[in-house]
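Thanks for sharing this one. Here are my notes, written as numbered points so you can follow along with the structure open beside you.

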Amino acid sequence: MLINIGFGNCVNEDKVLAVVNPLGAPVKRLVAASRDEGLLIDASQGRKTKAVIIMTDGRVVLSALQPETIMKRFNSFGTDEEAEGK
């Protein structure tokens with residue numbers, strides 16, 4: 001299932017490893033290294049990055065949405081699927 005991460009951009013929820021705040025030094029180093037290696041996907045549409053999504057294949061996705069907002073979208077899709085199955 002695809003999760004909207006803002007501005008019409010989506011990620012595959014099965015491929016997401018973590019959603020983190022971009023303010024920490026280790027995350028900033030990860031973003032810089034991903035940019036150097038060509039593994040960075042900027043889905044923030046030129047806005048301030050508020051969440052960094054780390055994918056299972058090593059790619060890093062930048063989003064302008066808060067990590068809490070993205071996680072709510074992950075959690076709401078899970079409950080919708082469970083409700084449909086019952």
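1. Let me begin with the packing of helix H1 in this predicted model. The buried residues of H1 pack against four strands, namely S3, S4, S5 and S6. The helix, residues 25–37, lies across these strands and runs at about 115° to S6, which spans 60–63.

2. Which residues of H1 are buried? They are Val 27, Val 31 and Ser 34. These three cover an arc of only 65° around the axis, so they sit on the same side of H1. The spacing makes sense: an α-helix has 3.6 residues a turn, so residues three or four places apart point the same way. On the other side of H1 you will find Pro 26, Arg 29, Asp 36 and Glu 37, which are exposed.

3. The helix itself has 13 residues, and its first and last C-alpha atoms are 18 Å apart, close to the 18 Å expected at 1.5 Å a residue. Just after H1 comes Gly 38, with a positive phi near 80°.

4. Ser 34 deserves a look of its own. Is this residue of H1 buried or exposed? Its relative accessibility is 3%, and because buried means under 20%, Ser 34 counts as buried. Setting aside neighbours within four places in sequence, Ser 34 is in contact with Leu 39, Leu 40 and Val 60. Two of these contacts also face each other in the sheet, as Leu 40 stands opposite Val 60 in S6.

5. Now for the sheet under the helix. It is an open sheet of four strands in the order S3-S5-S6-S4, with mixed pairing. Strand S3 (16–20) and strand S4 (40–42) are at the edges with a single partner strand each, so each has one side without a neighbour in the sheet. On average, neighbouring strands are turned by 20° against each other, direction ignored.

6. How do the strands pair? S3 and S5 (residues 51–55) run antiparallel and are joined by four bridges; here Val 20 has Val 52 of S5 as its bridge partner. S5 and S6 are also antiparallel, again over four bridges, and Val 52 stands opposite Leu 62 in S6. S4 and S6, by contrast, run parallel, with three bridges between them.

7. The link between S5 and S6 is a hairpin with four residues between the strands. Gly 58 lies in that turn and has a positive phi of about 95°.

8. S6 is a nice strand to inspect from both sides. Val 60 and Leu 62 point one way, Val 61 and Ser 63 point the other way, and all of them are buried. That fits the general pattern, since in a regular strand the side chains alternate between the two faces of the sheet.

9. Finally, the overall picture. The protein has two helices and six strands, which run β-β-β-α-β-β-β-α from the N terminus. Of its 86 residues, 30% are buried. Among contacts with a separation of 6 or more, 52% join residues 24 or more positions apart. The protein exposes about 5,400 Å², and carbon and sulfur atoms supply 52% of that area.

Conventions
Residues numbered from 1 in each chain as written. Predicted model: local features only at pLDDT ≥ 70, side-chain atom pairs only at ≥ 80, totals over all residues. Heavy atoms only, no water. Buried < 20%, exposed > 50% of the residue type's maximum accessible area, 1.4 Å probe, protein only. Contact = heavy atoms within 4.5 Å. Areas by Shrake-Rupley, 256 points an atom, 1.4 Å probe, with all protein chains shown as cover. Pairing = 2+ DSSP bridges. Axes fitted to C-alpha atoms, helices over the stretch in contact; angles between N-to-C directions. Expected span 1.5 Å × (residues − 1). Arc of directions from axis to C-beta.
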